[in-house]
Structures are given as C-alpha cells and as structure tokens.
Amino acid sequence: MKSENNYSDNHKTRIRLIIECLIFGILVFFLTVTNLLSSLDYIARDKLYQIPRGIDSDIKIIGIDEKTLEELGPMQTWSRSVYAELLEKLYENEENLWPTVVGFDIQFSGEIDQGDDEFSAIARKAGNVIIVNHLVYGKHFDKDQTGKYSLVETVESVEEPYDSLKDACLVGYSNIAQDSDGTVRRVILEESYGNNELKMFSNVVYEKYCQQMGISPSPIPKDKYGRSLINYSGRPGDYEYVSMIDVLNGDIDVRAFAGSLVLIGAYAPGMQDSFKVPNGGSQQMYGVEVHANILQSYMQGRFSINGNPFLLGIISALVAILLHLVFRKLKPWQSVIILVAAVTAYVFIMIALNNKGYSFHMIYLPLVLFLSYIYSLAMGYILEQSRKKKVLNAFKKYVAPQIVEEIAKKGDFQVKVGGENRDIAVLFVDIRGFTTMSEALEPEKVVEILNEYLALTTKAIFDNSGTLDKFVGDAAMAVFNSPFDLEDYEFKAVCAAMDIVRGGQELEKVLLEKYGRTVGFGVGVNVGPAVVGNIGCDFRMDFTAIGDTVNTAARLEANAKKGQVLISDVLYERVKDRVKVNDIGEIPLKGKSKGVFVYEVTEVDR
C-alpha cells in the first residue's frame, strides 16, 4: 500500500511539473509573439542595442545654431544667398580639398529673391549637393487579398524644393519615422508616390558618397514594410559640429571639411527639429544628427530588421521549459547561478544577432525565467514547510508536544543518522498481571484496557518531555535526551516513572469497578551512554537506542514489582538530592556478571 501511495504521489508530481513547464513555455511564446509589453521591451532594447559605438570623424555637421540666428536673424528672413555664400566657402579651394558630399537638411520651398539663382548655380557647379523634400502622408482604409480592411499610411503629396535648385541637386525626403512612444528607432528607406520611387535623404547622401568614392553601395536589410532599424553610433552632440556663422565669417578653416560628408541643418532648440532617440535619455537629438547616425549606419552596414518572433518564441519556450525543470531540481543558490548565466548568455546572443542585422525582443525570456525561478523558490518553500509539518506530526507521536513546538520555532530538524553516542536516560515500563487478565476477558475488553494503560504511559512520558521509543506488547520503552537535547533529563525520567505508577493507581480503581479486574505498573529507569540512531536494514529501520544502559533499564523493569519504580545507583547519584528512596541493595541482573545496586523511588521533590 505504501508503495502504491508513493507511486501515486510521484505520478502527481510529474504531472504537476509537466503542467508547470507547459505554462511557462506557452507564456514566453505568447509574450514574444504578441510583444504585449512593448514599452518595457523598447526600454531594454534601447539600453542594450543602442550602445554608442563611436562616431565617424568623416561626418561633420554645420549647425544653424543660436549664435548664427543671433547674427543673421530668424532663418525665414534669410536670402538664399546666405547658403550660396556657405557653399562658396566650402568650395573655395582646389577640388581635392572639397567635401565629398554636402547635404542640406533644410526645406527650400518656393522662390524668394535673386539669391535663389545664386544658390542653384553654385550647387550645380559643385555637383555633389543633396537637398531634401518633405512627404505628406494620409491615412485611408485598404483591403488586402483576404478582404480585410486595415488603416494604412500612404504618400498623398510631396513638398518639393524650388525648381532651379531641384534641377541642380539630388533630392531625398527628410521625413523621420517615430514609434508609438515618439522615439526614432527605424527608418523607411524608400517610398512610392505615383509612379516615382522616392529615397530617404540619408540614402541619397550615401549613394552619392559611394559614387564619389568609386565603391558599390551595400545592400540594406528591410522588413516586409520596407523599414530598417537604426543602430545609433553616437548620442546627441557626439558628432563634430561647427556653427554656420563661424564658417561664413572665416573663423573656420574650410580645409577641415576636405573629403568629409558635410550635413547642414537646424541646431537650435527653438527650430522644432529635435527628436527623442533611444540613446538620448532625457536629451533630444537634432534632425541633422539623426541623419548623421543613419548615414553612418549606411556606411558601416549596421542596419537591422526585426527577427521572426515565432522562431524566437519557440526557442524561448524550449529554454524556459528546460530551465524550469532545472530550477525545480536544484537548490536555490544553484538556480540563481543558472538564472544569471542564462540571462547573461541570452543578452549577449541578442546583442550579437542585432549587430548581424536581426533584432529580437529582449525582455520576455529573462522575465519568464525570473518568474519561473520565483515560482520554484516559492514551491520549494511550500513543499519544505509541508515536509517539516509531516515530520513534526510524526514526532508528535513519539516526542513530547512541547519539544515539538520548540523544534518548530527553531526550525531545526537535523537528526543525526547512522548512530551517535549520547548520554540518555532510559525508562522501561510493563503492566503486571496483564497476561492473566487477558486470558479471562474478551479480546475487545483486553485491547480497551491496554489502550487505557498505554495512553496513561504515553501522557506521563510526554508530560516530562520524553521520547516514546516503542511499544512492545503491554510494555513500553522511553528515552530522555534523544533524539534532541533535553535539560535535566535524568530527573525528568524519574518523574515520568513516578507519574506512571501514581496514574496507574488511580486507573486501577476505575478498571476494578468497570471490569472487576485490575493491573499495575512495574518501572525501571537507568542512565548512561548509549548508541542512538537508525537500527535495521535498508528496507526496514527503527530509530532507537542500544547498549548496556538500555539493557540495564530493561532488567530493572523486569525486577520491579507492581507499583514499584527501580533506579540504578548511577541514576541515583545524579538525582539523589531530589528524590526519596528505599535501598533495595545489590541484586543480580540477567546478562551482567556483577550485580547492580538498586533503589526504589518513593517520592520526588519537584
């Protein structure tokens, strides 16, 4: 029956473990596929994927900053001759000292004055100037092949530069895409408008740079929506920047721009051309700096796209299932090491994949592994408490309740197994006249009387903090100071013996009235060293005490008459100040070559 119960418990444990594994596996798969906690995932990916890698010194920014605005006035009041003058400065030296590409992140819509033609003429002469247009998007419902409608954004119109400048330069759109939290993390590299394919400003600058350098443009990964994720190289303010007015006033040696990619754009807070970026923290990045980062990503081939969430979900689910099994088997400190190692490895793998062009969700597997660890820790605690409760309940059948309560408070359940030497007091008690009575009464009455006596015996032992070792028919054995330490155990053993005898006298009267028969107790108590531990074989063990001390206590009990408590001289020496005795004298004990001096206890002084 016990084997069947163990099998049933183990089967239930396995089923529960399988269900737990499936729950954690399904949870991480669901979170990974749905990106349910996208805002938290963005934070993690921003911190880990957008670590500054160092800016390219060939990319330089000429900023229209507050210093420039203070000297030239509001930007909308400028003649475009200002930009013509800037280009003249950049191209005033021989051709080998010119910038490789010059890009204006400034919208030049409509004609203003004669400065327009000056700007167009110098830009045409340079042949490597890139300007921007601006796409105007509209939202409308679109039906796919399955007949479902969805809200999509398409280009409705394009705000172009004035004609002569557009004819003189290459043009790319300056629009920057923002995620739902307002952060610029991805770009749309190309757009369609009518029959025209439009390219992003940074893309056009990069392609012109490749043409100038005589190299082939690297292919850029794009997802099914034509988007790529930007891997930022610098934080706000990292790129080399000079004030436009310093260039115009000749305070900057323009030969510093030789061979560089020069981007010109707004660099003042009031110009409303700044954006929240993944690595900027609370500081925003000017649009021209965003384009500088995008341009460097082109040059270094460091764009990435979102990886397949279903593939990651399946792999994450398998890892979560495996590690949950590990967490349930290992100790908490071992599980912590595995958890930290697994999360660290996962983070490094995700960063490496991002650098290779595939960006995956970051937080879901670590989050589920943490939940799995906490759950395993909680379950381990609950199961341990349940185990301790079972042990305590088992102890209560053998050990005094007050000792059990003390053990529970301390949380100390360590019982040395395999045998140890302890100094203990041993009590044996037997019912005198029980055999004769059992022959005369019905079995049911015999058992009832026996249970009355054994209940009295057990109560007396427990009241004095003893441990009930075993019942042997109508006899019982108890030990004091085993398996747990007990103060004043010698005296408590004697007190237990006296309680048994006195309780037996009261019980005699009751049984005499009820059954017309009565019995009494004979008790023997000894103290000394004994071997305490698990005695038996691998399939049947008993925690008990053995040795001469135990044997002597049993012999004392065998010599005790009804209502008599006999103790050895060794025990008497330890408790003589608190007991009154009658000298029995030296008596021979079976199995011992020498006799033992024995005392009969008549009273104890508690």
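Two strands count as paired if DSSP finds at least two bridges between them. The exercises below concern a predicted model.

**Exercise 1. Strand 18 and its partners**

Determine which strands pair with strand 18, in which sense, and over how many bridges.

Solution.
1. Strand 17 (residues 467-472) pairs with strand 18 over five bridges, in the antiparallel sense. One bridge partner in strand 18 is A478, which is matched with L468.
2. Strand 16 (residues 420-432) also runs antiparallel to strand 18, and six bridges join the two. Here A425 has F480 of strand 18 as its bridge partner.
3. The link between strand 17 and strand 18 is a hairpin with two residues between the strands. In its turn, G473 has a positive phi of about 65 degrees.

**Exercise 2. The two faces of strand 18**

Decide whether the faces of strand 18 are covered or open.

Solution.
1. In a regular strand, side chains alternate between the two faces of the sheet.
2. On one side of strand 18 lie A475, M477 and V479, and on the other A476, A478 and F480; all are buried.
3. Since six of the six residues of strand 18 (residues 475-480) are buried, the strand is largely enclosed by the rest of the structure.

**Exercise 3. Backbone exceptions around the strands**

Identify what is unusual in the backbone at S465, N481 and the bond from S482 to P483.

Solution.
1. The reference point is that most residues other than glycine have a negative phi, and most peptide bonds are trans.
2. S465, in the loop between helix 15 (443-463) and strand 17, has a positive phi of about 65 degrees although it is not a glycine. With a relative accessible area of 10%, S465 is buried, the cut-off being under 20%.
3. N481 likewise is not a glycine, yet its phi is positive, at about 80 degrees. N481 is located in the loop between strand 18 and helix 16 and counts as buried at 10% relative accessibility.
4. The peptide bond from S482 to P483 is cis, with omega near 0 degrees. P483 lies in the loop between strand 18 and helix 16 (489-515).

**Exercise 4. Aromatic geometry at Y83**

Classify the ring pairs that Y83 forms with W78 and with F104.

Solution.
1. A pair of aromatic rings is described by the distance of the centres and the angle of the planes.
2. The structure holds 18 aromatic pairs. For W78 and Y83 the centres are 5.9 Å apart and the planes make 50 degrees, a tilted pair.
3. For Y83 and F104 the centres are 6.0 Å apart and the planes stand at 90 degrees, so this pair is edge-to-face. The criterion is an angle over 60 degrees.
4. Y83 belongs to helix 4 (residues 81-90) and F104 to strand 2 (residues 101-107), so the pair ties together parts that are 21 residues apart in sequence.
5. W78 is buried at 5% relative accessibility and Y83 at 4%; F104 is buried as well.
6. W78, Y83 and F104 belong to one aromatic cluster that also includes F108 and F119.

**Exercise 5. The largest cavity**

Describe the volume and the lining of the largest cavity.

Solution.
1. The structure holds two cavities of 30 Å³ or more, and the largest contains about 120 Å³ of space.
2. Of the 14 residues lining the largest cavity, R45, Y49, Q50, R185 and L229 are the closest to its centre.
3. By class, this lining has five nonpolar, five polar and four charged residues.
4. Helix 2 (residues 38-49) contributes the most to the lining, with four residues.

Conventions: Residues numbered from 1 in each chain as written. Predicted model: local features only at pLDDT ≥ 70, side-chain atom pairs only at ≥ 80, totals over all residues. Heavy atoms only, no water. 1 Å grid on protein atoms, 1.4 Å probe; cavity = no way out; pocket = protein on both sides within 12 Å on 5 of 7 lines; lining within 4 Å. Points joined across faces, edges and corners; volume = space filled by probe spheres on them. Nonpolar A, V, L, I, M, F, W, Y, C, P; charged D, E, K, R; others polar. Buried < 20%, exposed > 50% of the residue type's maximum accessible area, 1.4 Å probe, protein only. Phe/Tyr/Trp six-rings, centres within 6.5 Å; stacked < 30°, edge-to-face > 60°.
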